[in-house]
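Please open the model in your viewer and keep the sequence panel beside it, and then follow the stops below in order.

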Amino acid sequence: MWFGFPNQRRGDGEKKNEFVSHLLDLMQVLGPVEARRMFGGYGIFLQGLMFALVDGQDLYLKVDDQTRADYEAQGLEPFRYFRAGKPCALNYYQAPESVIEEQALMRLWGSRAFDVALKAAALKQQSRTV
């Protein structure tokens, strides 16, 4: 299975990732975010919802049909991985470099990614009750 261990927290038996720590500090404008070690990287969560992921030194933010164009217009790429030897893409796109440098931009782009996560969770919940 592609997803790792969602209950494994940042720092559990590992040296703290400085890039992830920087992102968490920057993202505090959104609320009490946390990082969880997953799939060889980190998932970034707010209120129990994953809205971002970190792969190496790259931040990816959750997108939907309405927000994807903003990323594509800047030439940003989706997060890709291989499953059974085939490339797969998720609804996460690489964040603009300026987002990881400026808190005001992190607030804007991070809030939009979290809103996408909220909408996706609501749709998932709605589909379970139908």
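Begin by selecting E34, which counts as partly exposed because its relative accessibility is 27%. This is a predicted model, so please read each stop as a description of a prediction. From E34, add R36 to the selection: the two residues form a salt bridge in which the closest N and O atoms are 2.8 Å apart. Unlike its partner, R36 counts as buried, since its relative accessibility of 14% falls under the 20% limit.

Now select helix 1, which covers residues 18–27 and is largely enclosed by the rest of the structure, because seven of its ten residues are buried. To see which ones these are, colour F19, V20, S21, L23, L24, L26 and M27. What lies over these buried residues? The cover includes strand 1 (34–38), strand 2 (41–46), strand 3 (49–55) and strand 4 (58–62), together with helix 3 (103–129). Before leaving, zoom in on the start of helix 1, where a side-chain oxygen of N17 comes to within 2.9 Å of the backbone nitrogen of F19.

Move next to K62, a residue of strand 4. Is K62 buried or exposed? At 16% relative accessibility, K62 counts as buried. If you display its surroundings and leave aside residues up to four places away in sequence, you will find that K62 touches M50, F51, T67, Y71, N91, Y92, A113, V116, A117 and A120. You can also draw a distance from K62 to P78: the two are 16 residues apart in sequence, and their C-alpha atoms are 9.6 Å apart in space.

The last stops return to charged pairs, for the model has a count of four salt bridges. Select D65 and R68, whose side chains meet in a salt bridge with an N to O distance of 2.9 Å. Within this pair, D65 is exposed, with a relative accessible area of 64%, whereas R68 counts as buried at 17% relative accessibility.

Finally, select D70 and R112, whose side chains also meet in a salt bridge, here with an N to O distance of 2.1 Å. This pair links distant parts of the chain, since D70 belongs to helix 2 (residues 68–73) and R112 to helix 3, with their positions 42 residues apart in the numbering. How accessible are the two partners? D70 counts as partly exposed at 32% relative accessibility, and R112 likewise counts as partly exposed, at 23%.

Technical notes
Residues are numbered from 1 along each chain as its sequence is written. This is a predicted model: local features need pLDDT of at least 70, side-chain atom pairs count only at pLDDT 80 or more; totals for chains, interfaces and linings use all residues. Side-chain values use heavy atoms; hydrogens and water are left out. Buried means under 20% relative accessible area, exposed over 50%, partly exposed in between (1.4 Å probe, protein chains only). Helices (H or I, at least four residues) and strands (E, at least two) are DSSP runs, numbered from the N terminus. Contact means heavy atoms within 4.5 Å. A polar contact is a pair of N or O atoms within 3.5 Å; within protein, one must be able to donate a hydrogen and the other to accept it, and residues adjacent in sequence count only if both atoms are side-chain atoms.
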